[in-house]
Amino acid sequence: MARFAHTVTVAALDRGWFEEAAGTLVDLLDASREGPGGSVVLADGRPVEGLRLLKGRHLRPGARYGEVPAVPEGVGEAPVEHAAAEAGNSPDAPQAVVLRTWRPSHSVEAESLVEEDGMSLKVGLRLSEPRRPRAVELSLSGHKPGGGSLYRFSGRGKADLAAWWAAVDRLPSAPPAARAPVSGRAVHRLAKARLTLTPRPAEDGSWRITVVLSMRGRWLLRPVGAVVLFFARGPVERGLREAAESAAGKWNTALAELTPSHGEALRAEIADALVNPDGATPL
């Protein structure tokens with residue numbers, strides 16, 4: 001088995017603001033309703049940009065959301081309701097999101113079906129206690145139709161947010177958490193991989209996050225995998241470092257541009273971002 005690790009420093013996120021923002025977003029969506037042509041309308045009557053109900057009942061299990069395909073030039077414009085129904089019934093509807101569970105006080109589950117570069121991807125997301133998020137779980141499976149087992153893979157990941165906050169609330173001199181709050185596993189016929197993120201507070205109040213990637217071959221291919229990883233160690237290590245530094249840079253930039261607000265001001269800004277994401281100002 002090969003193990004790679006890299007540590008980055010990122011700006012700390014305020015827990016109180018994060019949980020208030022998450023709860024406000026859930027409440028806004030929970031109060032929304034279906035509008036004309038399958039649009040999703042907030043309580044103030046404004047439609048959510050880029051979100052349309054294609055099939056089923058809004059915020060009910062089985063509801064399918066996505067974008068209505070554009071009508072080709074030279075073709076008469078069909079009613080929006082008909083276009084939405086056609087998109088909802090089509091197995092090739094791009095990036096369709098199916099709602100599995102909507103219980104804001106307990107959990108929210110959704111599944112995305114995507115066709116990309118000849119691959120069929122299914123992504124599942126589960127959020128526990130959405131109004132004050134405690135955990136996020138992600139599942140991923142993919143295959144290439146007719147491609148055989150070499151074109152199949154799966155993965156699962158979980159972010160235990162309660163454990164994350166506990167880890168960053170420790171004293172800087174305390175040892176890191178024994179269990180990584182964020183972990184994920186990926187499985188392919190030829191290999192397995194595991195990724196973990198473990199945070200700890202720095203003296204200046206920022207977070208130091210250690211990213212660890214472990215890889216190994218499967219079954220009779222373990223010796224072959226060991227040889228491959230021996231020669232690929234440099235590129236893999238460099239790739240992990242560059243990916244971690246890039247993600248940290250984007251995180252720091254986003255937080256530097258963030259102006260936290262609270263209460264009604266926060267609610268208004270999140271609502272504006274939902275109806276006009278391109279013109280929204282930083283929260």
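Buried means under 20% relative accessible area. Asp160 is buried in this predicted model, because its relative accessible area is 17%. The residue lies in strand β10 (residues 152-160). Asp160 forms a salt bridge with Arg179, and the closest N and O atoms are 3.3 Å apart. Arg179 lies in the loop between α3 (161-168) and β11 (182-188), so the pair ties together parts that are 19 residues apart in sequence. The two partners differ in exposure: Asp160 is buried, whereas Arg179, at 53% relative accessibility, counts as exposed.

The salt bridges come to 11 in number. One of them joins Asp30 and Arg131, with 3.6 Å between the closest N and O atoms. This pair links distant parts of the chain, 101 residues apart. Asp30 belongs to helix α1 (residues 15-30). Arg131 sits in the loop between β8 (119-128) and β9 (135-143). Both residues are partly exposed: the relative accessible area is 33% for Asp30 and 31% for Arg131.

Another salt bridge is formed by Glu129 and Arg134, at 3.9 Å from N to O. Glu129 is partly exposed, at 36% relative accessibility. Arg134 is also partly exposed, at 41%. In addition, a network of salt bridges links Arg15, Glu19 and Arg132.

Glu111 is found in strand β7 (residues 107-116). Glu111 is buried, because its relative accessible area is 18%. Its side chain makes a polar contact of 2.9 Å with the side chain of Arg100. Beyond its neighbours within four places in sequence, Glu111 is in contact with Ala96, Val97, Val98 and Arg100. Lys122, Val123 and Gly124 are also contacts of Glu111.

Strand pairing was examined next. Strand β3 (residues 39-41) pairs with strand β4 (residues 47-55) in the antiparallel sense, over 2 bridges. Val41 stands opposite Pro47 of β4. The two strands, β3 and β4, form a hairpin with 5 residues between them. Gly45 lies in the turn and has a positive phi of about 95 degrees. Strand β4 also pairs with strand β5 (residues 64-66). This pairing is antiparallel and runs over 3 bridges. Here Leu53 has Tyr65 of β5 as its bridge partner. Strand β4 thus pairs with β3 and with β5, in the antiparallel sense in each case.

Key: Residues numbered from 1 in each chain as written. Predicted model: local features only at pLDDT ≥ 70, side-chain atom pairs only at ≥ 80, totals over all residues. Heavy atoms only, no water. Pairing = 2+ DSSP bridges. Helix = DSSP H or I, 4+ residues; strand = E, 2+ residues; numbered from the N terminus. Buried < 20%, exposed > 50% of the residue type's maximum accessible area, 1.4 Å probe, protein only. Polar contact = N/O pair within 3.5 Å; in protein donor to acceptor, adjacent residues only side chain to side chain. Contact = heavy atoms within 4.5 Å. Salt bridge = Lys/Arg side-chain N within 4 Å of Asp/Glu carboxyl O.
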